[in-house]
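Biologist: Before we discuss the empty spaces and the ligand, could you put the sequence and the structure in front of us?

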Amino acid sequence: MNIYGDTGNVLVLRKRLQWRDRPVYVTPVSIGDPIPADADILLGGGGQDAAQGEIGADFASRGPELRALADDGVVMLAICGSYQMLGHEFVTSEGRRIAGVGVLDVVTHGQRERLIGNNWVDTPDAGRLVGYENHSGLTTLGPGAAPLGRTQPGRGNNGQDGTEGAVRDNVIGTYLHGPVLAKSPRFADDLLRRAYERRGEPADLEPLDDSLPEQAARVAVARPR
Ligand code: GLN
């Protein structure tokens, strides 16, 4: 699944490693494809309800594997539709239940009115993440998940509790498309560090000139909804 530029998250991470002359391999995983056993980072994008329905059976069948990978500390960044399906379930606004894999302790229920527009989330470790949201699903966190951060009223997970996204160990879900990593370089490097730390390798990354993504983030935050 990929909408609103989510594939760009792959490009951002690959570029930030290539600029540092570090090896990087990208393996697309579609319906029926195996997840590489030595994967360090899994990235999932968003999708319309219909697309989530199409991949639903395949995604659910990967539940035991994804839970084992999450328990093993594999880094996962799941955007919107993938975020919802890493939870326990997504019940669409039409009442169709799409089973999740229970990696994140969250549930999502669709409503007729969508939460749409530019948004940001202030996180405790990676600063402000900037992106764009467009979802009917309202997500509620259970005790096993912490919010990724705080956002503006009427936006984020459910427009009610001021939270955005969810985190558990190295698994991160967010509603921010964009791609979110393009305007959130600290967060992109945080994901890379987590992957190196899990491997037991030095996680010190050479600094990059992030003046452009930081400027893009300032411009995006100043834009109307
Ligand atoms: N189909 C889901 C919803 O509407 C996810 C949308 C998305 O990935 N942008 O909430």
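The talk below turns to the cavity, the ligand and the pockets of this predicted model.

Biologist: What makes the space around the ligand a cavity, and how many cavities are counted?

Modeller: A cavity is a set of points where a 1.4 Å probe fits but cannot get out, and the count comes to one cavity of 30 Å³ or more. Its volume is about 80 Å³, and the space taken by the ligand is this largest cavity.

Biologist: Which residues and elements line the largest cavity?

Modeller: The lining of the largest cavity has 16 residues, and Gly-47, Cys-80, Arg-114, Asn-134 and His-135 lie nearest its centre. Two or more lining residues come from each of helix H2 (49–61), helix H4 (81–86) and strand E6 (127–141), with the largest share, four residues, from E6.

Biologist: How do you know that Asp-49 makes a polar contact with the ligand?

Modeller: A polar contact needs a pair of N or O atoms within 3.5 Å, and an N or O atom in the side chain of Asp-49 is 2.6 Å from a nitrogen atom of the ligand, so the pair counts as a polar contact. The backbone also takes part: an N or O atom of the Gly-81 backbone lies 3.1 Å from an oxygen atom of the ligand, and one of the Asn-134 backbone lies 2.9 Å from a nitrogen atom of the ligand. Taken alone the ligand exposes 300 Å², and the protein buries 100% of that.

Biologist: What classes of residue make up the shell around the ligand?

Modeller: The shell divides into three nonpolar, 11 polar and two charged residues, where Gly is counted among the polar ones. Gly-47 is one of the residues that come nearest to the ligand, along with Asp-49, Gln-52, Cys-80 and Asn-134.

Biologist: Why is the space with a volume of about 1,400 Å³ called a pocket?

Modeller: The largest pocket, at about 1,400 Å³, bears that name because a pocket is an open set of points with protein on both sides within 12 Å along at least five of seven lines. Of the 44 residues that line the largest pocket, Thr-27, Val-29, Ile-41, Leu-42 and Leu-43 are the closest to its centre. By class, this lining has 28 nonpolar, eight polar and eight charged residues.

Biologist: Which element gives the most to the lining of the second largest pocket?

Modeller: Strand E6 does, with four residues, and the space in the second largest pocket is about 170 Å³.

Note on methods: Residues numbered from 1 in each chain as written. Predicted model: local features only at pLDDT ≥ 70, side-chain atom pairs only at ≥ 80, totals over all residues. Heavy atoms only, no water. 1 Å grid on protein atoms, 1.4 Å probe; cavity = no way out; pocket = protein on both sides within 12 Å on 5 of 7 lines; lining within 4 Å. Points joined across faces, edges and corners; volume = space filled by probe spheres on them. Near = heavy atom within 4 Å. Polar contact = N/O pair within 3.5 Å; in protein donor to acceptor, adjacent residues only side chain to side chain. Areas by Shrake-Rupley, 256 points an atom, 1.4 Å probe, with all protein chains shown as cover. Sits in = over half its atoms within 2 Å of the grid points.
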